[in-house]
Number of protein chains: 2
Amino acid sequence: MARKVTSLDVARVAGVSQSAVSRVFTKGASVSPAMESRVRKAADDLGYRPNVLARSLITGQSRIIGLVVAYMHNPFFADAVERLSHALQAEGYHLLIWTVGNSDVDLDRVVDDLMDYQVDALIAASVDLSGALVEKCAAAGLPVVLFNRGITGDGLSAVTSDNRAGGRRVAEFLLAGGHERIAHISGWQGSSTGRDRAQGFADALAEAGHGVYAQADGRYDRDTSAGAARDMMRRSDPPDAIFVGNDYMALSVMDVLRHEMGLSVPDDVSIVGYDDIAMAAWPSYDLTTLRQPARRMVDATVREVLAQIGTPGRQAQKIEIDGPLVVRSSARLPQGHSE
Amino acid sequence: MARKVTSLDVARVAGVSQSAVSRVFTKGASVSPAMESRVRKAADDLGYRPNVLARSLITGQSRIIGLVVAYMHNPFFADAVERLSHALQAEGYHLLIWTVGNSDVDLDRVVDDLMDYQVDALIAASVDLSGALVEKCAAAGLPVVLFNRGITGDGLSAVTSDNRAGGRRVAEFLLAGGHERIAHISGWQGSSTGRDRAQGFADALAEAGHGVYAQADGRYDRDTSAGAARDMMRRSDPPDAIFVGNDYMALSVMDVLRHEMGLSVPDDVSIVGYDDIAMAAWPSYDLTTLRQPARRMVDATVREVLAQIGTPGRQAQKIEIDGPLVVRSSARLPQGHSE
DNA sequence: AGGGTGTCTGCATAGGTATGCAGAGAACCG
DNA sequence: CGGTTCTCTGCATACCTATGCAGACACCCT
């Protein structure tokens with residue numbers, strides 16, 4: 001195993017000082033063309049590359065961004081992680097990832113862990129941070145950006161879709177479709193995203209003189225949401241439409257209705273999801289859903305993270321990116337709907 | 001933004017030397033109980049935690065493991081990444097991730113990048129490393145473990161299922177089912193995994209006096225494999241069974257057959273996949289498939305990575321973990337098959 | 001020619017931690 | 001009580017790089 005080659009080795013070979021080598025690899029530093037080529041030559045010969053970790057010790061920038069993610073099996077997040085990683089790579093940053101269940105105990109340890117690695121920022125995807133943790137990050141001057149989660153206070157930047165408006169849009173669409181008994185299997189009510197969607201949905205129904213015909217917490221889990229669907233449809237007068245809090249659960253609900261209960265979607269009951277994951281477009285499901293534009297959300301997240309890093313005292317931003325309702329065949333269409 | 005608190009700060013407050021503080025946080029070091037509690041008290045008061053990066057500078061261990069992954073949208077890999085991350089977390093390591101397309105140019109840069117971060121090891125999931133890159137890693141003494149990819153030479157450790165045997169098993173199952181025209185839409189033939197499965201499959205058919213009735217390269221892509229299925233089934237005498245190189249593509253093939261061509265699976269054509277991703281068990285697909293035990297593969301990968309880190313000169317291991325054929329309803333059953 | 005400006009280089013140090021070495025005690029044994 | 005061993009502590013240094021400072025030099029202008 002070859003010993004690591006350091007800037008000092010390069011300096012010796014090139015017959016210059018270590019500082020000179022450093023300057024060649026530090027952009028913005030002042031180096032003559034002669035020096036530049038001489039050092040590069042030696043560096044290439046030796047196979048030298050700067051040690052990011054040692055550099056970080058001085059600059060205080062690790063170029064590492066911590067990512068905490070809870071629901072990787074939901075394709076929306078798998079996709080988001082891939083995009084985040086790619087986008088940050090392009091900016092010379094990289095993701096150090098932590099996967100967690102949704103217990104606060106875990107999170108506590110994770111945040112400590114993160115800080116040990118001197119990450120430049122923290123992205124929390126599908127994770128709800130407790131107030132105590134937010135405090136801790138703020139105290140350490142660690143920028144935090146929430147992805148697909150909001151937060152009640154205003155200390156943190158957050159990138160989401162406009163969940164309340166999205167919920168409304170779904171309600172309006174189902175009302176326009178002439179549905180009478182409109183139910184909701186929500187995302188986990190412990191999450192802001194789950195609550196906001198449910199809220200917007202309920203508000204819009206109420207304004208139209210309807211109530212939410214039935215509601216259950218799907219907890220972002222396939223089995224839980226399947227169970228909820230089963231219960232709802234077994235009632236003597238079952239709903240004729242269900243808005244499910246995200247696509248991942250909606251697919252599970254469709255499976256139960258069709259294959260276990262022998263019901264037809266949308267003839268017996270309309271289903272609408274949220275996210276527009278790739279699978280929603282697959283012909284087996286062809287799910288009507290409210291799109292969260294993953295790409296734009298990721299772009300906004302990256303921009304915000306970099307801005308926070310660049311400007312320490314920066315005001316936290318609530319960024320809401322809205323997407324269209326993607327009309328497919330899992331929900332009955334309103335009269336005269338053209339498409 | 002609070003200044004970082006260092007071991008020296010703790011030392012001053014506790015009235016001891018910096019070495020003492022370091023020793024308290026270095027396990028295996030010799031510290032008296034009195035010293036221990038005194039230092040811990042001061043550390044807690046100040047909120048001190050050791051700087052992993054500075055530590056790595058001395059120990060030569062970053063406790064960071066580089067992960068290169070290409071197909072995150074395939075749930076098999078999303079799942080694997082989640083498990084890998086979780087398992088490594090438990091061992092005090094963390095994943096720094098790079099996502100790549102499958103171009104070699106990319107990979108070249110990525111490996112350089114990786115080394116800049118002084119990662120302790122590299123896990124390449126669903127990525128085929130060129131010989132040159134393998135050389136480079138070997139030269140740098142960087143342990144590499146391939147996940148779900150083999151390699152022709154023997155310099156690298158690799159964890160896979162027994163792809164050849166798996167391919168055989170599928171062939172035998174389809175033959176036992178009485179199929180006459182057995183086709184294959186393979187994984188990318190540039191990947192060892194894709195080649196091995198195809199090879200084992202073809203061998204078993206040949207031994208039974210059959211040939212592969214039709215073959216196409218699905219390139220691990222939904223559209224490509226869908227197109228291949230379309231072409232095959234449009235022939236005057238289409239196949240009565242198709243083995244698809246992984247589940248992700250198999251689901252796409254099923255969608256095309258059923259919803260675009262109006263064919264029945266398995267009545268018109270049997271479909272068998274490979275991986276047993278979660279979706280394969282969903283009732284909309286209920287896909288017969290050869291299971292790759294993700295959990296055991298991940299465990300083996302982690303074990304091998306840690307072993308390589310612990311024993312630098314260690315012999316590379318080819319670890320093949322086999323899984324059962326999971327019989328569901330997407331392929332016609334052999335006579336008298338009990339289940 | 002002399003002074004001012006600007007570019008480039010090396011020296012020295014800092015950043016936060018781990019560890020070899022030697023010394024100080026304590027504990028133990030005969 | 002003297003000598004040996006063991007445990008613990010501090011001192012000094014090393015890990016690898018970036019950067020402030022000052023000096024060297026070239027250049028331009030008056």
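In this predicted model, His86(A) lies in helix H5 of chain A, which covers residues 75-90. The residue is partly exposed because 17 other C-beta atoms lie within 10 Å, whereas a residue counts as buried at 20 or more and as exposed at 12 or fewer. His86(A) and Arg12(A) are 74 residues apart in sequence, and their C-alpha atoms are 37 Å apart in space.

**Chain A as a whole**

The secondary structure of chain A consists of 12 helices and 12 strands. Its radius of gyration is 25 Å, well over the 20 Å that the globule rule gives for 339 residues, so chain A is more spread out than a compact globule. Along the principal axes, the C-alpha atoms of chain A fill a box of roughly 85 × 40 × 35 Å. Of the 339 residues in this chain, 50% are buried. Among contacts in chain A between residues at least 6 apart in sequence, those joining residues at least 24 apart make up 71%.

**The nonpolar core**

In soluble globular proteins, nonpolar side chains tend to be buried together. Here the largest nonpolar core has 194 residues. Those with the most contacts inside this core are Leu67 and Val253 of chain A, together with Leu67 and Val253 of chain B. Leaving aside residues up to four places away in sequence, Leu67(A) touches Val81(A), Leu84(A), Leu95(A), Leu96(A), Ile97(A), Trp98(A), Ile123(A) and Ala125(A).

**The surfaces near the DNA strands**

DNA strand C has 29 residues around it, of which Met35(A), Thr6(B), Ser7(B), Ser19(B) and Ser22(B) come nearest. At least two residues of this surface are supplied by each of helices H2 (18-25), H3 (33-46) and H4 (52-59) of chain A, and likewise by each of helices H1 (7-14), H2 (18-25) and H4 (52-59) of chain B.

DNA strand D is surrounded by 28 residues, and the closest are Thr6(A), Ser7(A), Ser19(A), Ser22(A) and Met35(B). For the surface near strand D, helix H1 (7-14), H2 and H4 of chain A each supply at least two residues, as do H2, helix H3 (33-46) and H4 of chain B. The table gives the residue classes of the two surfaces.

| Surface | Nonpolar | Polar | Charged |
|---|---|---|---|
| Near DNA strand C | 14 residues | 12 residues | 3 residues |
| Near DNA strand D | 13 residues | 12 residues | 3 residues |

Methods. Residues are numbered from 1 along each chain as its sequence is written. Chains are lettered from A and ligands numbered from 1 in the order in which they are written. This is a predicted model: local features need pLDDT of at least 70, side-chain atom pairs count only at pLDDT 80 or more; totals for chains, interfaces and linings use all residues. A nonpolar core is a set of buried Ala, Val, Leu, Ile, Met, Phe, Trp, Tyr and Cys residues joined through C-beta atoms within 7 Å. Two residues are in contact if their C-beta atoms, placed from the backbone, lie within 7 Å. A residue is near a molecule or strand if its C-beta atom, placed from the backbone, lies within 6 Å of it. Helices (H or I, at least four residues) and strands (E, at least two) are DSSP runs, numbered from the N terminus. Ala, Val, Leu, Ile, Met, Phe, Trp, Tyr, Cys and Pro count as nonpolar, Asp, Glu, Lys and Arg as charged, and the others, Gly among them, as polar. The radius of gyration is taken over C-alpha atoms; the globule rule is 2.2 Å times the number of residues to the power 0.38.
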